Amino acid sequence: MTVAENIRPHRGDTSGYVPIAEHGLIGDLRTAALVDTGGTIDWYCPARFDAPSVFASILDTDRGGAFRLTPEVPARTKQFYFPDTNILITRFFADDGVAEVQDFMPIVDDSREADRHRLIRRVLCVRGSLPFTARVAPRFDYARQSHTVRTAEGLTVFASPELSLALTSSVTTEIDGPDAVSSFKLVEGEAAVFALDRIGGAVQPRSCPLAEAEQLFDATVRYWRRWLSQSRYRGRWREMVHRSALTLKLLTYAPTGAIVAAPTTSLPEQIGGERNWDYRYVWIRDAAFCIYALLRLGFTQEAEAFVRFLSEDICLKSGPGGPLQIMYGIDGRSDIPEEILSHLRGHLGSSPVRVGNAAVDQLQLDIYGALVDSLYLYDKWGRPLASDHWDTVCELVGWVCDNWDRPDMSVWETRAGPGRFLYSRLMCWVAIERAMRIARHRGLPADMPRWSRARDDIYRRIMRSGWSPRRRAFVQREGEEVLDASVLMMPLAKFISPTDPKWLSTLDALGEELVSDSLVYRYDPTVSPDGLRGEEGTFSICSFWYVEALSRAGRVDEARLAFEKMLTYANHVGLYAEEIGRTGEQIGNFPQAFTHLSLISAAFNLDRALG
């Protein structure tokens, strides 16, 4: 049977789309799924983050595919995480009863089972009785491949040319066209289980009875609580900080130690706009900042795994583009071609839908500072760098010394051509300065005279050419007077004192021009064209940078108020997308590592400032 039939919209509104913020995230450290507040899984890529989707109704409610599991009667819903875990619970409140769906992916230590990638949906009726309907409607390869569906030995098998999934359930399931459906009623104390497995090769289909589902639930709870118990954070915002840490952990790819920027693609930065990108890859900058945040909390294993990823899975290049790319695949591959999926409408009609990312070939000099800074912190808080790692650092820093003055695309990945961005110069300074710290601390060999000259040249260049006497502020790039929130990193990176008069003047200018009720815009695209049409929302990492800059400048009351306001923009389970729109809606890929790692850093530093 083919995928010609459309699945029904999974909510009662006219569009069928659920807002980005109306989702929670589950995962197994290899891939992840979004579950909306109505009980529908509308994004899931089996086996690995960057695999083709089988559920993508968040990008096209008719064609994308979904796994609906909802009551057949009107019900109010609430969603939360089982405490201190990444198990998501959606509760349904109806006239005749209360029930909940527990969604999770077991973390399997047994290597024979690791490739199963089991997704479990456990339904429990806790009061009265409720009738339920389930519809499993996979659409393989971003809804480009047809599939067959058959029943065998109590299982429902969906088979496409490249991937097969097996559905097992404790209630009767029937085939309906390309889908599997089930209608059942639960009374108080009863439960039902659905399990979806990726099968093939050594992984054979098998059932998931109620008892096993309960055991896997308990084992998954223990895993997440054992992991979180390593946290050293005891500050004022423990719940939000730990939710952010759990989210960052969900974005790690256990087989290699890679960390993705987000688990989704093409969720729009402007509804109806074209700023839609695929973030299911390893940005060197984003991953390095993640390591910084996790190290601050006491999680060292993730840093060790990422350092192994850098040394074992990434090949340094020689050529004009530099030794590092800005991003890699989760397996370390360097080829990430961008493709437009024109058959998908995009979230709320926001097209194009993209997979892959053409920015992979951009020159972004700032990544070297982010990476070396994270290695410096790993050496300081984790384990001393190995000799081979130090050789790599020396190679990278030597290249930075020779190339820091080149025009590049910088942190925001502009598609309007290269420029001489202050942020790129700043992070080149960080790369050299942190390498010098490591060398001095460990007594390691280094070309200190050369490094020192380059570091000082960058400093003088920024102070001379990055400062606008007219604006009384540091600006986005040389020769212009555009403000950019990326300069908030200047005191955070310890380039300038947080109370330096020039910095305080810059902070005031940013507050007047780019800040709106604690929310911070990256820049104004009308005065700094970025090669794309349309507007964007405020960038949440910049908002948390602003909090940290205020607290370091001694404006602690302002910082705390801005931070508390930012917390009100989190969704119902404490997750953030990349940006926040004009009316407070979450926009962009979701959840985004950048936002959660900056929340951790802002909370840590604000706690320290408050004493």
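Over which residues does pLDDT stay under 50?

1. Confidence. This is a predicted model. Residues 1-14 are the stretch over which pLDDT stays under 50. The model nevertheless gives these residues 44 contacts beyond four places in sequence. Where pLDDT is low, the predicted coordinates should not be read in detail. For the protein chain, the mean pLDDT is 93, and 94% of the residues reach 70 or more.

2. Main nonpolar core. The largest nonpolar core comprises 200 residues, of which Met-490, Trp-503, Trp-545 and Phe-563 touch the most other members. Helix α8 (residues 422-442) supplies the largest share of this core, 13 residues.

3. Surroundings of Trp-503. Beyond its neighbours within four places in sequence, Trp-503 is in contact with residues including Phe-474, Val-487, Leu-488, Met-490 and Pro-491. Its further contacts include Ile-496, Ser-497, Pro-498, Leu-510 and Ala-549.

4. Second core. A separate core holds nine residues, among them Phe-104, Val-193, Cys-208 and Ala-213.

5. Cysteines. The search of the whole structure yields zero disulfides. Cys-394 cannot be paired with Cys-401, which has the closest cysteine sulfur, because the two sulfurs are 10 Å apart, too far for a bond. Cys-401 is likewise in no disulfide; the nearest cysteine sulfur to its own belongs to Cys-428, 9.3 Å away.

6. Accessibility of these cysteines. Cys-394 counts as partly exposed because its relative accessibility is 22%. Cys-401 has 11% relative accessibility and therefore counts as buried, the limit for that class being under 20%.

Definitions and conventions:
Residues are numbered from 1 along each chain as its sequence is written. This is a predicted model: local features need pLDDT of at least 70, side-chain atom pairs count only at pLDDT 80 or more; totals for chains, interfaces and linings use all residues. Side-chain values use heavy atoms; hydrogens and water are left out. A disulfide is a pair of cysteine sulfur atoms within 2.5 Å. Buried means under 20% relative accessible area, exposed over 50%, partly exposed in between (1.4 Å probe, protein chains only). pLDDT is the predictor's confidence in each residue, from 0 to 100. Contact means heavy atoms within 4.5 Å. A nonpolar core is a set of buried Ala, Val, Leu, Ile, Met, Phe, Trp, Tyr and Cys residues joined through side-chain atoms within 4.5 Å. Helices (H or I, at least four residues) and strands (E, at least two) are DSSP runs, numbered from the N terminus.
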